[in-house]
Amino acid sequence: MNTAARAASWTGLKRRALSLGAVKAFDHAMHFLLPVVLTRCLDAATFGEYRLLWLVVGTVMALAPLNMPGGLYFFLPRSDARTKRLYVHQTMLFLAVSGLLFSAVLSPWNALLPPAAHHLAGHGWQVPAFMALWVTTIMLDYLPTIDERIRWQAYVTGSFTVARTALVAAAAWYSGDMGMILWALLAVALFKLALLLYYVRRHHGLGRPWFDRALFVGQVRHTAPIGGSTALYSLRSQADQWVAASVFALSSFAAFSIAAIVGQVVHILRQSVLEAFMPTMSRVHATGDVRGMLAINSHNNVMVGALIYPALGLVFAFAEELVTIVYTNAYVEAAPVMRVYIVALLAMVVEVGSMVLLLKLGSFTLRLAALTLALSVTVSWFGAHHLGLPGAALGSVIAIYIDRVLLLRRIARVTGIALRELQDWGALARSLALAAACSALAWILVERVLAQAGPMTRVAAGATLIALFYAPLQFRRRKA
């Protein structure tokens, strides 16, 4: 691919990524705003139970899918229509069976249910039923984008987001009861299942073939190692929350889980850009152009870093004010935890999951994830007992940096491309340094001029100052 063609391709990919980003920004904004409503409708203990439900959901979603939906990024762009249908059907069957198995594990009659999850056992079959549907329908979050039907993905994501937010907020507002919230979530999951079946019937068909043993074995062999490593990675990111849920009261766990929401700032752009770029990366890799694939990855990381770093700087500088505004001062103990998480999120800007999938590094990442999971749990447990809530988040920070360093070294060795050439490290460092300097300057000015002002005024002034400092300097640097 020549330079002009690659530039045109990147322009189209940017447009696609921004389209997905707008929709997913709306989705994550609703994810962010819903707890804002819930903290004002529920007492701290009930809100902690709600957050515990989603911690359990996150843990199951780390294990149950085994990266089968994500693996379709590899298989579908290079397959004919009949083979695409087979891959889609096989993935749906796998997710349905997996969802049923994990819902049985979460049954209140399971004697091996983790102690921290016992708070949810009183709701009977509602939690297992919701879990089975949630696992089965996760494919809808991937398939339209993999098929490069961006408008379809936008409609699906938007409709589902509105339904989820409205029903759960209404249930909390009128009842303040966790049982009613679970009924609302069940209704949302059934709506999502209907959308999934409609999409598959329309664009891939629900008729035969449904299963091919040889094809399925090849699909699992390719995705399972990556799925295993992804599961361990996700468990590692959740380990500190399980530690907090086990060590602290539900109200403190609720504050801790609020701090973890800051990760959505990175996830919104990170996932949207990855989903938009991934089909093209897969096709470029299929032609043998490894450098071209890595160039796309590097380009989107620089784009994400330029947008994310100033946002993280704002949250770091004004964490207490933001928590007070959004969640009330009852959850202000989340602010120090947020700052710990932001240190980890700086490294998360460098995305490596796409290269792991395309370069088939699943076995290596599986071993690495197991190592870092054990390290994360140990550090978080020690930190929780000796440093309080912020200490429980330390395991994630240490594990993420070890993971990124070792994975990038492995990718450099496999591709034969020097580590210094894998990413545009200079551009990333300059964006980070500029964002940090602008955030620090904004905080100093706000402290001197608006020390006695309310949290809303301080945050608004800080955000304005960061934007005024950062945007012109970043634009000038990129233009130069």
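**Asp240 and the α9–α10 pair**

D240 sits in helix α9. In this predicted model, the residue is fully tucked away: with a relative accessible area of 0%, D240 counts as buried because the cut-off for that label is under 20%. Its side chain still finds a polar partner, making a polar contact with the side chain of S396 at 2.7 Å. Once neighbours within four places in sequence are set aside, the residues in contact with D240 are F256, Y341, S380, A392, A393 and S396. S396 therefore turns up twice, as a polar partner of the D240 side chain and in the list of contacts of D240.

One of those contacts, F256, leads on to the next helix. Helix α9 spans residues 213-247 and helix α10 covers residues 250-260. Two packed helices are described by the angle between their axes and the distance between the axes. Here the angle is about 165°, and the axes of α9 and α10 are 9 Å apart. Angles over 145 degrees count as roughly antiparallel, so α9 and α10 fall into that class. As for handedness, the crossing of α9 and α10 is right-handed.

What do the two helices bring to this meeting? On the α9 side there are D240, Q241, A244 and A245, and on the α10 side F253, F256, S257 and A260. Sorted by class, the contact between α9 and α10 has five nonpolar residues, two polar ones and one charged one. The charged one is D240, as aspartate counts as charged.

Elsewhere in the chain, T136 offers another buried site. T136 belongs to helix α5, which runs over residues 126-136. Its relative accessibility is 16%, and T136 counts as buried because that value lies under 20%. A polar atom of the T136 side chain lies 2.8 Å from the backbone oxygen of A132. Leaving out neighbours within four places in sequence, T136 is in contact with L95, A96, L193 and L196.

Zooming out, the protein chain is built with 21 helices and zero strands. Of its 480 residues, 55% are buried, and D240 and T136 both carry that label. Sequence separation rounds off the picture: among contacts between residues at least 6 apart in sequence, 82% join residues at least 24 apart.

Notes. Residues numbered from 1 in each chain as written. Predicted model: local features only at pLDDT ≥ 70, side-chain atom pairs only at ≥ 80, totals over all residues. Heavy atoms only, no water. Helix = DSSP H or I, 4+ residues; strand = E, 2+ residues; numbered from the N terminus. Buried < 20%, exposed > 50% of the residue type's maximum accessible area, 1.4 Å probe, protein only. Polar contact = N/O pair within 3.5 Å; in protein donor to acceptor, adjacent residues only side chain to side chain. Contact = heavy atoms within 4.5 Å. Axes fitted to C-alpha atoms, helices over the stretch in contact; angles between N-to-C directions. Parallel < 35°, antiparallel > 145°, perpendicular 65-115°, else oblique. Left-handed = near helix turned anticlockwise from the far one by under 90°.
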